[in-house]
Amino acid sequence: MTDECIYLQARLAAVKQAVKQCTARVKQCMRSSNENFLATTESELAEVAKDMLRHARISQLFDILIRFPHSTPALSDLRDVLRTTEHKEDVWLDLSLSLQDRLLHPGAPTAQVVQLYVYLIRGLRIVDSSGLILSHVIGEVRRYLRARPDTINVLISALLGTDERFAMLREDMGLGESGQTNEDDDNSQLIPHVSRAPAKDALVGATLAASALNQMPKNWSDPNWEPRPINAGPDYRLGTSYDVVQMLVGIFEDRSRFVNALEVSTAKGLLDVKGYDTVKQLETNLILKRRFGDVLLSRCDTMLDDVVNSKRTDSNIHANILPPVASRDHFGRLMPNPSPRTSSFSEPVEPTTHVTHPLIYSRQFWPDLERGPQSVTMGSAQQGNDSQVPHIPLPPSGLSLLTFPPESALGKSLETYGAAYKKAKTMRKVQWLNSRATVDLSLEMDDGRRIEIEAVDVLYAATIEWVASLAGTSTALTLSNLGLALGVDHAAAEKAVRFWCDRCILREGRDAGEISEDTFVVVEKVDASEEGANV
């Protein structure tokens, strides 16, 4: 018989014995009129009722914690009927079994485990303020979260995301007052005053300060301090902490893993901004620095500075270096727009150059990004013959090989902007990361349709530009021709063409009356039924 069965049988026997005693006392009361006996019986019945309530609340504790904070009254009930250490032992033994059976298994999502971890800390604080119960159950949850590979990502999403389940956790982050969080809670208390030594005796002063720190009692500034119980769990020190955020971050023995995840999250957030607007990211960074300190998040400060500097440089290039917006004549040739402003470029440039707004990032301080395009063109500033740009993982679609045809307006715009940047920043040049670029498109069709798409992948934009350049030529719109023109493989070419097929811009062509999977045609006119079927 397993320990779990023995424990449950003991609990069931205790409940049956309590009910039996209660029934016997009630029968005696009905046969007696002695007031002292009745008063004693009333007291004993109250104790039996408390025992029954304690057993009921202990068996329901896991479900109660899941419904926190709405189940706070039930937690208060359990707190009021825990009178001995044996009662607390019953709580952590029963709760440990419930956690193993219902939470700490591969079927539970990591977000759910993190959520219950937070509720476990808050709820058991109500039940047992000494932290004794928490010290026996929190360790197994922490070890389980530490072993899961996606715990850091879930934790970052909980702290910086918008999930309502972690609203209280984000409130704790915003209300954090510590300027810098130490890894050891015992050393995060105030240090007794040590007289400042003269500059020439700095080493002596540091020695005195260290000696004072080592000799002072732990938690000396806590008026509610209690000695460590003899039956405390191995994580008793964690159980006495009231900082839930610190207990979450402390799951990882290596703080650098968490900091790296914060840097990646910050980088992704900055790549998603529009118009260099970083107000939200700046506020988040300030809150994080109050919690974790300026030193650990120095790279995040550099990334924010890169966005500000990119905006300043971009404004200077558009205002002082690039020529005014050019127009095209009826033959499609670029025509200079007369303006009193001088320019470093003798020839007119593509109009798309004036809507190019890159993010110039310092490659030494930005982490490697996750896969997939982001919502702003991104370039890397290089100086002299520095090392190459760190590899950024790309989707397995051949997008890293994307090249623009010679007649591409997108390619010419980036080339012109790069030359302008080199004039603005001496001894520097830009290496474009086309895989991270996006384009805002506006398409006009013969049937009057106007299709506007924001932040479309640069592969899709280059594809539709190449398709438009085929007008009046004998080149067929095939996947093989598209792959040769853009330098991408068949899978990437098919992905781009299917993107425009879904929006009724392209459709599969016909070869000898049969639908061809390799040839496509432009849909200049579409009826309402076909358009509705593809929306």
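How many aromatic pairs does a search of the whole structure find? The search finds six, and two of the views below look at aromatic rings. Please keep in mind throughout that this is a predicted model.

**View 1. Tyr-361 and Trp-366 meet as an edge-to-face aromatic pair.** A pair of aromatic rings is described by the distance of the centres and the angle of the planes. Here the centres are 5.6 Å apart and the planes make an angle of 65°. Both partners are shielded from solvent by the accessibility criterion: Tyr-361 is buried, with a relative accessible area of 3%, and Trp-366 is buried at 6%.

**View 2. Tyr-460, Phe-499 and Trp-500 make up one aromatic cluster.** Look for Arg-503 in the same close-up: Arg-503 lies over the face of Phe-499, 3.7 Å from the centre of the ring.

**View 3. Cys-504 and Cys-501 do not form a disulfide.** A disulfide is a covalent bond between the sulfur atoms of two cysteines. For the sulfur of Cys-504, the closest cysteine sulfur belongs to Cys-501, and at 9.2 Å that is too far for a bond; the cut-off is 2.5 Å. Cys-504 is buried, with a relative accessible area of 6%. Elsewhere in the chain, Cys-300 is also buried, at 0%. How many disulfides are counted by this rule? The count is zero.

**View 4. Tyr-117 sits among the best-connected members of the largest nonpolar core.** In soluble globular proteins, nonpolar side chains tend to be buried together. This core has 73 residues, and Leu-99, Tyr-117, Leu-120 and Leu-169 are the ones that touch the most other members. Helix α6, residues 110-127, supplies the largest share of the core, with 11 residues. Which residues does Tyr-117 contact, leaving aside its neighbours within four places in sequence? They are Ile-138, Val-141, Arg-142, Leu-145, Met-247, Leu-248 and Ile-251. There is also a second, separate core of 45 residues, and its members include Leu-410, Tyr-417, Ala-420 and Ala-437.

**View 5. Thr-110 is a buried residue of helix α6.** Its relative accessibility is 4%. Not counting residues up to four places away in sequence, Thr-110 touches Leu-145, Arg-148, Asp-150, Thr-151 and Val-154. If Leu-145 looks familiar, that is no accident: Leu-145 is also one of the contacts of Tyr-117.

**View 6. Lys-311 belongs to helix α15, residues 298-321.** Is Lys-311 buried or partly exposed? With a relative accessibility of 43%, Lys-311 counts as partly exposed. Asp-277 is 34 residues away from Lys-311 along the chain, and the C-alpha atoms of the two are separated by 9.4 Å.

**View 7. The whole chain puts the close-ups in context, with 20 helices and nine strands.** Of the 535 residues in the protein chain, 43% are buried. Among contacts with a separation of 6 or more, residues 24 or more positions apart account for 68%. The accessible surface comes to about 29,400 Å², and carbon and sulfur atoms contribute 53% of that area.

Terms used
Residues are numbered from 1 along each chain as its sequence is written. This is a predicted model: local features need pLDDT of at least 70, side-chain atom pairs count only at pLDDT 80 or more; totals for chains, interfaces and linings use all residues. Side-chain values use heavy atoms; hydrogens and water are left out. A nonpolar core is a set of buried Ala, Val, Leu, Ile, Met, Phe, Trp, Tyr and Cys residues joined through side-chain atoms within 4.5 Å. Buried means under 20% relative accessible area, exposed over 50%, partly exposed in between (1.4 Å probe, protein chains only). Helices (H or I, at least four residues) and strands (E, at least two) are DSSP runs, numbered from the N terminus. Contact means heavy atoms within 4.5 Å. Rings of Phe, Tyr and Trp (its six-membered ring) pair if their centres lie within 6.5 Å; planes under 30 degrees apart count as stacked, over 60 as edge-to-face and the rest as tilted. A charge sits over a ring if NZ of Lys or CZ of Arg is within 6 Å of the ring centre and within 35 degrees of the ring normal. Accessible areas come from the Shrake-Rupley method with a 1.4 Å probe; for residues, only the protein chains shown count as cover.
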